[in-house]
Amino acid sequence: MIIYVNGEEHHYADNTSVADVIANLGLTTKKIAVELNKEILPFQYYANQMLQTEDRLEIVHAIGGGQDDTFVLAGVTYHSRLLVGTGKYKDMEETRLAIEASGAQIVTVAIRRTNIGQHQGEPNLLDVISPDKYTILPNTAGCYTAEDAVRTCRLGRELLGGHKLVKLEVLADQKTLFPDVAQTYIAAEMLVKEGFDVMVYTNDDPIAAKRLEDIGCVAVMPLAAPIGSGLGIRNPYNILTIVENASVPILVDAGVGTASDAAIAMELGCAGVLMNTAIAEAKNPILMATAMRKGIEAGRSAFLAGRMPRKRFASASSPIDGLFF
């Protein structure tokens, strides 16, 4: 016979009781409440209450308040909105501890020529940050042409066993490390055609950001300020415009200096923030990683809560009614 449990169709033999259904679903030891055909069924009747075809059961339990605030990137759901890099730490152990403290699930790595004996005993980064624990995001840091960036992504995919998610950046010059947007367009088009899921570093130009989205990038990552500068978000209204016009995740990339910068990015509605230098060059990188995680969480909560409107003049928080003078 057909029984509907929480709206889903199930098939059971005749003479099946409510207790049989609960046992079949593995809920015997759970604290639950049951409604049969929109009527509450007390616990003591579960064993004797026989079901008939097309009966409807609703089985509920208690959950914590709040909401599951996740974001989706290339079809994968993530809980942490903080993405971190792996450069500039004093050693692998500090790298590992800082990444753990950040709570990040996505970790960026650069692709470089391997050690073939010139540095005896040099550790491998992937021995410290396991692909089984983190989403490893190969990036094209150091590339100044579309050709080099595409080659690097192909090598990264091979290194990680067919992993398609990459972070594309094509730089214009060594002094500013600003993106070469024209070369970035070319590389993005090539990579998307080859089946890569491209997260792309760009400037804070809303037009460029929208074009990269239209090319097929799964996330657009405008800079807050020059890479490694720690200057914070220089053009918040540009970032806000990019966010408002986008239908893919927007993540601030580059220029964050401290936790308040991360919070501001999230308050603007960004899906996340990617950072490296702000953590690695802090006096205490592990503590700063923790601060960045909290800054991301605070900024996201503030965005969801909705800030009060800005006002030109004061507005007393205590009522005037009832004053005795």
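**Figure 1. Separation of the two domains in the predicted model.** The centres of domain 1 and domain 2, taken over C-alpha atoms, are separated by 49 Å. Domain 1 comprises residues 2-61, and domain 2 comprises residues 71-305.

**Figure 2. Secondary structure and overall extent of the protein.** The protein contains 10 helices and 15 strands. Its radius of gyration is 26 Å, well over the 20 Å that the globule rule gives for 325 residues, and the protein is therefore more spread out than a compact globule. The C-alpha trace spans about 80 × 80 × 40 Å along the principal axes.

**Figure 3. Burial, contacts and accessible surface of the protein.** Of the 325 residues, 42% count as buried. Among contacts with a separation of 6 or more, 63% involve residues 24 or more positions apart. The accessible surface amounts to about 18400 Å². Carbon and sulfur atoms contribute 52% of this surface.

**Figure 4. Charged side chains of the protein.** The protein carries 29 positive and 38 negative side chains. A distance of 7 Å lies between the centres of these two sets.

**Figure 5. Close-up of E244 in helix α7.** Helix α7 covers residues 236-245 and includes E244. The relative accessible area of E244 is 58%, which is over the 50% cut-off, so this residue is classed as exposed. A149 is 95 residues apart from E244 along the chain, and the C-alpha atoms of the two residues are separated by 29 Å.

Terms used:
Residues are numbered from 1 along each chain as its sequence is written. This is a predicted model: local features need pLDDT of at least 70, side-chain atom pairs count only at pLDDT 80 or more; totals for chains, interfaces and linings use all residues. Side-chain values use heavy atoms; hydrogens and water are left out. Helices (H or I, at least four residues) and strands (E, at least two) are DSSP runs, numbered from the N terminus. The radius of gyration is taken over C-alpha atoms; the globule rule is 2.2 Å times the number of residues to the power 0.38. Buried means under 20% relative accessible area, exposed over 50%, partly exposed in between (1.4 Å probe, protein chains only). Contact means heavy atoms within 4.5 Å. Accessible areas come from the Shrake-Rupley method with a 1.4 Å probe; for residues, only the protein chains shown count as cover. Lys and Arg count as positive and Asp and Glu as negative; His and the chain ends are not counted. The place of a charge is taken as NZ of Lys, CZ of Arg, CG of Asp or CD of Glu. Domain bounds come from an automatic or database domain assignment.
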